[in-house]
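Biologist: Please take one part of this model and look at it closely, beginning with a single side chain and working outwards. I would like the cut-offs stated as you go.

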Amino acid sequence: MENYYVTTPIYYVNDEPHLGHIYTTIAADVLARHQRMSERDVFFLTGVDEHGQKVQQAAEKRGIAPIELADQVVERYQSLWPELQISNDDFIRTSSDRHKAGVQAMWRRLENAGAIYKDFYEDWYCVPCEAYWTETQLKDADCWDAKHCPDCKRAVEKIQEESYFFRLSAFQDRLIEHIKANPDFIAPASRRNEVLSFVESGLRDLSISRTTFSWGVPVPGDDKHVIYVWIDALTNYLSALGFPEPEQPAHWPADVHLIGKDILRFHAVYWPAMLMAVELPLPKRIFAHGWWTVEGEKMSKSKGNALRPAELLEKYEADVLRYFLLREVPFGQDGDFSFTSLKQRYNTELANDVGNLLNRSLAMLNKYRDGVLGAVAEESEADRALIADVEAMQREVAACMDKQAFHLALERINAVVRHGNRYVEDNAPWSLAKQGENARLDSVLYHLVETLRLVALQLLPFMPEKMTAMLGQILNRKVQADNFSFSADGGWGVLAAGHQCRKPEPLFPRMD
Ligand code: MSP
């Protein structure tokens with residue numbers, strides 16, 4: 001079995017989960033489920049990033065220890081994921097012993113490779129962003145004065161301290177070479193160009209330790225220093241696999257790191273350079289998705305408009321959210337979350353299209369044939385066209401999933417659903433029943449039910465609960481989402497004549 005390793009960023013514990021966090025995790029889950037159905041040995045990792053000054057300060061403000069704050073937020077994530085049908089294989093905490101051991105091993109390997117040295121560090125630091133800025137970067141930034149973070153526009157602090165450095169500059173040429181030689185390494189393409197020009201503009205060595213706070217992994221052999229949060233955080237992708245044991249972890253390299261666009265530089269520059277230094281293979285792909293606004297506005301804690309998953313789950317079923325988030329916005333672009341467009345999409349694509357095709361097909365099968373499928377005597381041109389469309393959909397959806405083009409995959413599935421509804425109109429089973437053309441009626445109903453079954457299979461990774469229910473109605477047995485595979489179940493004609501389907505139960509009632 002081929003391996004497949006997909007990751008999400010590990011989320012900071014100084015904030016509660018919001019829309020942005022569930023977005024990446026849902027996307028990763030859909031990939032994981034699709035690849036499991038393609039019979040790959042999947043490892044799907046998510047987790048939390050617990051260290052750093054920000055977390056230490058947030059905990060101090062509340063008068064609790066950083067680990068207590070972390071425990072509270074971890075609990076939120078761990079209870080949220082099952083509610084959203086997230087099927088992660090592991091959950092990594094950076095405060096865990098297995099992770100700390102991995103980070104210290106990474107440090108030693110970097111040190112042994114001659115990639116670390118000690119020096120003095122003077123720079124501007126943005127605490128909320130945990131980012132360092134040079135004088136020039138601050139001056140170049142479009143800000144009202146040079147003492148503000150070019151990203152978040154908050155005040156930066158001047159820092160001078162003893163620090164360890166990573167020889168990032170030594171990897172500039174190899175990084176450029178790698179990015180150029182591997183067009184799929186960074187996606188989407190616009191992001192790839194952005195990274196390339198950043199690397200080409202020259203890399204400075206990276207300060208990778210701090211002495212100004214203590215909530216982190218100590219530098220091996222010099223525990224006055226704490227390891228810079230990004231070295232710590234990025235190593236999670238390996239520590240979860242047991243790094244430094246075994247020498248070559250089975251699931252490494254990752255097939256895809258899913259991230260938001262704001263953390264691309266860390267993943268597409270620092271992380272590959274670190275891996276080059278310790279001579280480990282680089283991840284195959286880094287996909288940076290866009291950011292959501294809510295009803296046209298940027299989400300922010302101070303505005304109080306951050307969409308919280310708990311609120312969303314009170315209003316909508318998990319599957320509906322999963323579908324909407326991946327259908328509404330091309331993965332990689334920014335998008336806006338609006339309740340009106342959610343309702344609109346739900347009513348047209350789920351209630352009117354899929355829901356209607358399922359209801360009318362099973363209703364007619366039950367009305368005219370007692371729910372029993374008949375044999376297909378002779379295939380018409382319309383039947384063959386429908387089968388061809390279903391089979392093309394299967395191939396094209398697989399290709400879309402390899403590129404993380406979720407919206408295109410869903411569009412392609414929906415095209416088959418619309419084809420199915422047209423097929424109903426064109427072949428008018430009700431007239432066939434009236435005229436007693438039973439052979440043709442059986443054939444039409446069979447093609448509809450097979451189409452529905454194969455559509456449900458493709459939609460299963462996106463909407464595991466709804467599609468399990470849909471398959472249950474078609475297959476007339478108790479089904480479990482993870483018992484299906486494309487090779488065993490994906491062929492046309494798996495259902496035999498004489499198979500009994502259930503009466504339809506509406507899956508997507510209209511939303512008012
Ligand atoms: N801890 C780091 C990641 C370390 S990975 C080795 C971090 N954490 S975070 O909690 O701040 O952000 C996690 C993810 O949430 C990022 O990928 C970020 O892009 C994403 N989002 C935060 N706000 C978002 C939106 N408004 N929309 C979509 N995603 C957003 O960064």
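Modeller: Leucine 326, setting aside residues up to four places away in sequence, touches Tyr23, Ile26, Ala27, Val30, Phe331, Phe406, His407, Leu410 and Phe462, where contact means heavy atoms within 4.5 Å. This is a predicted model, in which local features need pLDDT of at least 70 and side-chain atom pairs count only at pLDDT 80 or more, while totals for chains, interfaces and linings use all residues. Residues are numbered from 1 along each chain as its sequence is written, and side-chain values use heavy atoms, with hydrogens and water left out.

Leu326 is, together with Leu19 and Leu84, one of the residues that touch the most other members of the largest nonpolar core, which has 108 residues. Such a core is a set of buried Ala, Val, Leu, Ile, Met, Phe, Trp, Tyr and Cys residues joined through side-chain atoms within 4.5 Å, buried being under 20% relative accessible area with a 1.4 Å probe and protein chains only. Helix α17, residues 438–459, gives the most to this core, with twelve residues; helices here are DSSP runs of H or I with at least four residues, strands are E runs of at least two, and both are numbered from the N terminus. A second core of 67 residues is separate and includes Ile227, Trp252, Phe266 and Ala268.

Turning to the ligand, 23 residues surround it, and Ile10, Asp49, Gly260, Asp262 and Trp292 come nearest, a residue being near if one of its heavy atoms lies within 4 Å. Its oxygen atoms take part in several polar contacts, which are pairs of N or O atoms within 3.5 Å: one oxygen is 2.4 Å from a polar side-chain atom of aspartate 262, a polar side-chain atom of tryptophan 291 lies 3.1 Å from an oxygen, and a polar backbone atom of tyrosine 12 is 3.1 Å from an oxygen of the ligand. The protein covers 93% of the 670 Å² of accessible area that the ligand has on its own, as computed by the Shrake-Rupley method with a 1.4 Å probe. Two or more residues of the shell come from each of β1 (3–12), α1 (19–37), α8 (229–234), α9 (236–239) and β12 (256–260), and β1 gives the most, with four residues. By class, the shell has 13 nonpolar, eight polar and two charged residues, with Asp, Glu, Lys and Arg counted as charged, Ala, Val, Leu, Ile, Met, Phe, Trp, Tyr, Cys and Pro as nonpolar, and the others, Gly among them, as polar.

Terms used. Buried means under 20% relative accessible area, exposed over 50%, partly exposed in between (1.4 Å probe, protein chains only). A polar contact is a pair of N or O atoms within 3.5 Å; within protein, one must be able to donate a hydrogen and the other to accept it, and residues adjacent in sequence count only if both atoms are side-chain atoms.
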